[in-house]
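Work through the exercises below with the model open. Try each task before you read its solution.

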2 protein chains.
Amino acid sequence: MPDSTSLPDFAPTARSRVRRLHERGRYDRATVYEILDSALLCHVGYVIDGLPYVTPTLFWREGDRLYWHGSSASRMLRKQSEGIPVCVTVSHIDGLVLARSGFHHSLNYRAVMAFGNAAMVVDDGKKAAGLDAFIERLYPGRNRQIRPISRQELKATTLMSMVIDEVSAKIRAHGPVDDEADYLLDCWAGIVPIEMRLGAAIPDERLKSGIPLLDGLDHLAAGGVLPEILRRLAQHEGE
Amino acid sequence: MPDSTSLPDFAPTARSRVRRLHERGRYDRATVYEILDSALLCHVGYVIDGLPYVTPTLFWREGDRLYWHGSSASRMLRKQSEGIPVCVTVSHIDGLVLARSGFHHSLNYRAVMAFGNAAMVVDDGKKAAGLDAFIERLYPGRNRQIRPISRQELKATTLMSMVIDEVSAKIRAHGPVDDEADYLLDCWAGIVPIEMRLGAAIPDERLKSGIPLLDGLDHLAAGGVLPEILRRLAQHEGE
């Protein structure tokens, strides 16, 4: 599927415009997509009987569409499949920012808030293809090794999608900015970076003998930075 | 402030009960608090004009109360200060779970969904104390080095709090569970752990000479696992 980076950038709307510290707001597709593609988890917000719910869930992007999946018995997905408005928020923590006053302490982060209406993918062929695509994106080549999805499993799985109607990104990516007089204080200031890294893979206890560690999934080797890995996988897929 | 672990555990409610994969649901205070205390960021869900919003923000816990803060000009906080219902969700990604079918692929995670009503802390003394406590929790001793908060900064900052009315934790922490026949497949299976780690601190360009790296904040040294660090800081504070 061709990517939509050739489409015009998103326009800030009453709902999506970054108001506070608006210099941190971004609306261009490249920035929004990169933040989304670097993440594994999103937080889906929705309303039931007037009350807010926020569910963390795996997700992926294709063009201007977000996908997430789950059990057909899920209360969240049953409600969302009615086509209700959702807010999908994705965030990365990049570093602690230590300043010379409490007020100027901060966090470096990248976040996206995307608004749209959740819709259930009802066509079985599209559903199976979507789920396979998610596996293939994280684990290229894996669909040739694993057992294909069964009819029963397909029925038990709900695939949701949402076209991004309105969206904003918000980024902070710099050191402390202190009041001029405070630079004289004898106080350490700077950034402590935060990274999400992979640890050493742990083989399943019932793994068949003779299968090498990760068997071809070299991109998941210990020490890798997960958001970077995910971003590269998404770029590769878009080629 | 004494911790509330001596209080009875939370009771699952119609709203908080984990329905899907209910064996993953937990309601005891120790589990809920540990997941909360190990995190820096929460995702706050709220409703404006019937539509959902999810904002990522720093937070901290004291007893059965959650706190978060931000600019007094923030649209989110102005709305929340009216006392509206919120859902505060906190999640940790612990590992990719690779199984022998797409259906049994999973994610190891720990998450908490907490429901309550957001209330603004209006008393200036309590507000200043709350903000100082947040700095002190992350950076013990730092309030003695930095400039204290000014009257103007205090006014510009909103501190929100929420008593946890209803809450559930959900945890997955084990390897793949495959269909019996699939164990025969020649397919690597297991866990790829994911950890949030600290990188090497980057001193501010305008740091005064003679101040050692991190100056006493040894717990933020490179390589540390952030959720572990945060959990230990919270335990220490509760002593």
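**Exercise 1. The interface**

How many residues of chain B are in contact with how many residues of chain A?

Solution. Begin with the ground rules. This is a predicted model: local features need pLDDT of at least 70, side-chain atom pairs count only at pLDDT 80 or more, and totals for chains, interfaces and linings use all residues. Residues are numbered from 1 along each chain as its sequence is written, while chains are lettered from A and ligands numbered from 1 in the order in which they are written.

Step 1. Count the contacts, where two residues are in contact if their C-beta atoms, placed from the backbone, lie within 7 Å. The result: 75 residues of chain B touch 75 residues of chain A.

Step 2. Find the elements (DSSP runs numbered from the N terminus: helices are H or I with at least four residues, strands E with at least two). Those of chain B that each supply at least two residues include β2 (41-48), β6 (106-117) and α3 (124-138). β10(B) gives the most, with nine residues.

Step 3. Sort the chain B side by residue class. It divides into 45 nonpolar, 14 polar and 16 charged residues. Here Ala, Val, Leu, Ile, Met, Phe, Trp, Tyr, Cys and Pro count as nonpolar, Asp, Glu, Lys and Arg as charged, and the others, Gly among them, as polar.

Step 4. Look for strand pairing between the chains (DSSP must find at least two bridges). Strand β12 (residues 202-203) of chain A pairs with β10(B) in the antiparallel sense over two bridges. In this pairing A:Pro203 stands opposite B:Gly190.

**Exercise 2. The symmetry**

Work out which rotation superposes chain B on chain A.

Solution. Step 1. Superpose the copies by least squares on the C-alpha atoms of residues with pLDDT of at least 70 in both. The rotation is 180°, with 0.0 Å of shift along its axis and an RMSD of 0.0 Å. The two copies are therefore related as by a two-fold rotation axis.

Step 2. Compare the surfaces. Of the contact residues of chain B, 100% recur in chain A, so the same surface serves both copies.

Step 3. Locate the axis. B:Met196 comes closest to it among the residues of chain B, with its C-alpha at 2.2 Å.

**Exercise 3. An open sheet**

Why is one side of β4 and of β8 of chain A left without a neighbour in the sheet?

Solution. Step 1. Write down the strand order. The open sheet has four strands, β4-β5-β9-β8 (chain A), with antiparallel pairing.

Step 2. Check the ends. β4 (60-62) and β8 (119-120) of chain A stand at the edges with a single partner strand each, so one side of each has no neighbour in the sheet.

Step 3. Follow one pair. Two bridges join β8(A) to β9 (residues 157-163) of chain A. There A:Ala119 stands opposite A:Ser161.

**Exercise 4. An unusual phi**

Is A:Asp49 buried or exposed?

Solution. Step 1. Place the residue. A:Asp49 is found in the loop between β2 (41-48) and β3 (51-58) of chain A.

Step 2. Count neighbours. A residue is buried if 20 or more other C-beta atoms, placed from the backbone, lie within 10 Å of its own, exposed if 12 or fewer, and partly exposed in between. A:Asp49 has 6 C-beta neighbours inside 10 Å, so it counts as exposed.

Step 3. Read the backbone. Most residues other than glycine have a negative phi. A:Asp49 has a positive phi of about 50° although it is not a glycine.
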